[in-house]
Amino acid sequence: MDVDLKLLGRNLAVLAVLYLAGMAAVFGFSVLGVSTLVAFPVFVLGILVASLESDSGFWGALLGLCYLLSYDLLFTAPLYQLKVLNRNDVAALVIFFLVVLIMNTVSQRMRRQVFIAQRNELAMGRLNKLSASLIDTTSSEAACQCAQAFLVRVLDRDVRIRLGDPGADAGQAARDCYERNYPTGFGEVGYRGCAKRYLPLGAKGEVCGVVEIDCAESGLDEASSSFLSSVLAQTMIAIERNDLEEEHRAKRIKAEGEKFKTLLLQSVSHDLRTPLTSIAGNADVLLKDARIAPETRRELLGAIHEDALWLNDMVENLLSMSRVQDEDIALEKTPEIVDEVIGTAVGKMERRRGGHRLRVELPEDILLVPMDGGLVSRVLINLIDNAIRHSSPTSTIDVSARKDGPQVLFSVADDGGGLGPGDPACVFSRFYAGDRADGGRKGMGLGLSICKAIVEAHGGTIRAFNNEQGGATFEFALPLEGGCDDEGG
Amino acid sequence: MTKADSILIIEDDPGISRMLQVLLDSEGYAVAVARSGGVGLSLARANNPDLILLDLGLPDCNGTDLLVRGDVLAQIPVIVVTARGQEDEKVRALDAGADDYVVKPFGSAELLARIRAALRRRSRPEERPPKRYSWQGLVLDCASRTVSVDGEEVHLTPHEYDLLAVLVDNRGKALTHHAIQRQVWGCVSTGNFQTLRVTMASLRRKIKDCPSHPRFIRTEVGVGYRFLGE
């Protein structure tokens, strides 16, 4: 009602202004001595403006009538009275009214077209905004959420977009829509009394979800329906894009896994064959030649023993690696005592330290860290082994651990040699094997990358850097909170 | 002793079996070999060896089942031979009555030492717990429940003392977490023995036993602990 009054007021105001302006113009002309026949084009102009500015042709016609009556009253003889029309006047009148009629119709159509154009522009603008939001979504669910929120705002009613089968408790209309891929519910034959409208969401004949539109207050008009279709089409595109990206990602991961397996096999076959060749060769010599001196015999047997241990190490490393690589097995963490984990690792390396000094510094308190003890032990073993191989032959190797806020920092540091030139992070790459400081056999280059994989699988971080003693320090942190059952006590 | 100790090897892999034979033979033991659990059981019943080396990866039966089943085996010390990564098997075997274990690949020295220790335990009569135990600087006084290391007295909590005492009573033998927990705390929990481990860590620090260079107690990874004294 309020709107109607305002509109009425506006129309009347427009009319009043134009009437007065028209009258003033004609009066002006008469004063200036211009023939008052010019009044008619002026009236036509006035009526044109009136029908453009008011919201229906009625006002234009009313204005025209006012003009004519006024003109007849005020500007034709006899003045101040309506005179009977003669033939000329009638002709002029008829043409005048025809012109008014046509003008009204044209201006109405024009106004209508402007209205439609503005509405379309608004819709386009909204669709563009939606498009921009959809591009940023990273999953099908997110795309649906985005479209859903958008539709609720624009259509001013409850809209739900659900992916997948609506389920048994979703109502017959929803299930029908999903199964048969056509609109159901409000407005469709056979669904009388249904307050919601259901549209299938899909492309190329396949349905991937159902759109539920609340029509309790009113159905959708045609403009809204076609707008909805555009929105759903865009949503479908976004969904398909997200699905393709997912697929692509999965394939890439798989391909990387395959690549790694191939590299690993190549490396394994090469690096295991070397010690095996050595074993076979030495054994062969010992078998064939009976005249070998006892010292040489001991030497060859020792070499065979060493090679066998080397192979065992290789196998252990490979097993650890495969355990960490296997994504299906979640890392089983139990709280382990730092002292024990370090103790186990150092104990195992004691035999192999050669000329190196191996020192241990335990944390002040007894620390319990959730971890896979075997794997973290392997990290320490590999780090110590790395120090033995690559630092100078008589270096001191320090193994220590300390609490550092919410994590425990383990460190293996030596004082001989240090890391080579280049980015320290490179040492953790797979198949990177540096030169040994003691002239021994080069490894497979997996040891440090296994350390990295294990540490990261625990949610920790590992880094390497040159220390103040001239050697290298390898430091890794494991979080103290890890989520594992507490026995209490 | 006049008669050589006899050892029965139950191992299916011919390479390892032969290697063990040669090794034990050279140490003066009388060796018999069985290639399967069934044959092993019969030989054990027939010959009553002094010690059995049992491989847990036998083709015809689970080595642990043998331990549980075998009546005659209850009297004979058994050392199980396992592959790495079979932690559960080891624990189960020990809890089922095995004396000790070695992990492939094992050093010969280690195996021989364990055989000697097992035989020694067997020949040792059922003795009452000694009033006082001393080894390499560690002294336990059972009457007063006090402990000293290198002359300095060490203050242990009751649980720490009990833990040490249990290990000393079974010195040389690998004890599972489960077994220790039962003997020290009396109850068996289904948890991951956190209390036991923390107590052990605390005990070690007090008797100055670094886990990486153990003087007294060695961690048997995945299994339990072992007191190294004699």
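Biologist: What does the secondary structure of chain B come to, in helices and strands?

Modeller: Keep in mind that this is a predicted model. Chain B has 230 residues, and 50% of them count as buried. Its secondary structure comes to eight helices and 12 strands.

Biologist: And chain A, how many helices and strands does that one have?

Modeller: Chain A runs to 489 residues, with buried ones making up 37%. Its tally is 11 helices and 11 strands.

Biologist: What share of the contacts in chain A with a separation of 6 or more comes from residues 24 or more positions apart?

Modeller: Let me take the chains in turn. For chain B, residues 24 or more positions apart account for 59% of the contacts with a separation of 6 or more. For chain A, that share is 66%.

Biologist: How much of the area that chain B exposes is supplied by carbon and sulfur atoms?

Modeller: Chain A exposes about 27,800 Å², with 58% supplied by carbon and sulfur atoms. Chain B exposes about 10,600 Å², and there the carbon and sulfur part is 50%.

Biologist: On to empty space: which element gives the most to the lining of the largest cavity?

Modeller: Searching the whole structure turns up one cavity of 30 Å³ or more, and its volume is about 60 Å³. Two elements of chain A give two or more residues to the lining, strand 1 (159–163) and strand 4 (206–214). The top contributor, with three residues, is strand 4 of chain A.

Biologist: How many charged residues are in that lining, by class?

Modeller: The lining includes Arg160(A), Arg162(A) and Glu212(A), along with residues such as Pro166(A), Ala170(A) and Tyr198(A). By class there are six nonpolar residues and one polar, and the charged ones come to three.

Biologist: Is Arg378(A) buried or exposed?

Modeller: Arg378(A) sits in helix 10 (residues 373–390) of chain A. Beyond its neighbours within four places in sequence, it touches Asp313(A), Glu316(A), Asn317(A), Ser320(A) and Ile454(A). Its relative accessible area is 7%, and the cut-off is 20%, so Arg378(A) is buried.

Biologist: What span should helix 8 of chain B have, at 1.5 Å a residue?

Modeller: Helix 8 takes in residues 194–206 of chain B, 13 residues in total. The expected span is 1.5 Å times one less than the number of residues. The end C-alpha atoms are 18 Å apart, which agrees with the expected 18 Å.

Biologist: How far does helix 3 of chain A reach from its first C-alpha to its last?

Modeller: Helix 3 (residues 57–75) of chain A has 19 residues, for which 27 Å is expected at 1.5 Å a residue. Its buried residues include Trp59(A), Leu63(A), Tyr67(A), Tyr71(A) and Phe75(A). From first C-alpha to last, the helix reaches 26 Å.

Biologist: How far apart in space are Thr157(B) and Thr199(B), C-alpha to C-alpha?

Modeller: Thr157(B) lies in the loop between strand 9 (152–154) and helix 6 (158–169) of chain B, and is partly exposed at 34% relative accessible area. Thr199(B) is one of the buried residues of helix 8. The two are 42 residues apart in sequence, and in space the C-alpha atoms are separated by 9.1 Å.

Biologist: Which residues does the cis peptide bond with omega of about -10° join?

Modeller: Most peptide bonds are trans. This one leads into Pro105(B), in the loop between strand 5 (100–104) and helix 5 (108–123) of chain B. The bond, with omega of about -10°, joins Lys104(B) and Pro105(B).

Biologist: Which residue just after helix 8 of chain B takes a positive phi?

Modeller: Most residues other than glycine have a negative phi. The residue here is not a glycine, yet phi is about 55°. It belongs to the loop between helix 8 and strand 11 (217–220), and its relative accessible area of 57% makes it exposed. The name is Lys208(B).

Biologist: And what is the phi of Asn48(B)?

Modeller: Asn48(B) is in the loop between helix 2 (37–47) and strand 3 (51–55) of chain B. With a relative accessible area of 45%, Asn48(B) is partly exposed. Although Asn48(B) is not a glycine, its phi is positive, at about 50°.

Terms used:
Residues are numbered from 1 along each chain as its sequence is written. Chains are lettered from A and ligands numbered from 1 in the order in which they are written. This is a predicted model: local features need pLDDT of at least 70, side-chain atom pairs count only at pLDDT 80 or more; totals for chains, interfaces and linings use all residues. Side-chain values use heavy atoms; hydrogens and water are left out. On a 1 Å grid over the protein atoms alone, a cavity is a set of points where a 1.4 Å probe fits but cannot get out, and a pocket is an open set with protein on both sides within 12 Å along at least five of seven lines; lining residues have an atom within 4 Å of a point. Grid points are joined across faces, edges and corners, and a volume is the space filled by probe spheres set on the points. Helices (H or I, at least four residues) and strands (E, at least two) are DSSP runs, numbered from the N terminus. Ala, Val, Leu, Ile, Met, Phe, Trp, Tyr, Cys and Pro count as nonpolar, Asp, Glu, Lys and Arg as charged, and the others, Gly among them, as polar. Buried means under 20% relative accessible area, exposed over 50%, partly exposed in between (1.4 Å probe, protein chains only). Contact means heavy atoms within 4.5 Å. Accessible areas come from the Shrake-Rupley method with a 1.4 Å probe; for residues, only the protein chains shown count as cover.
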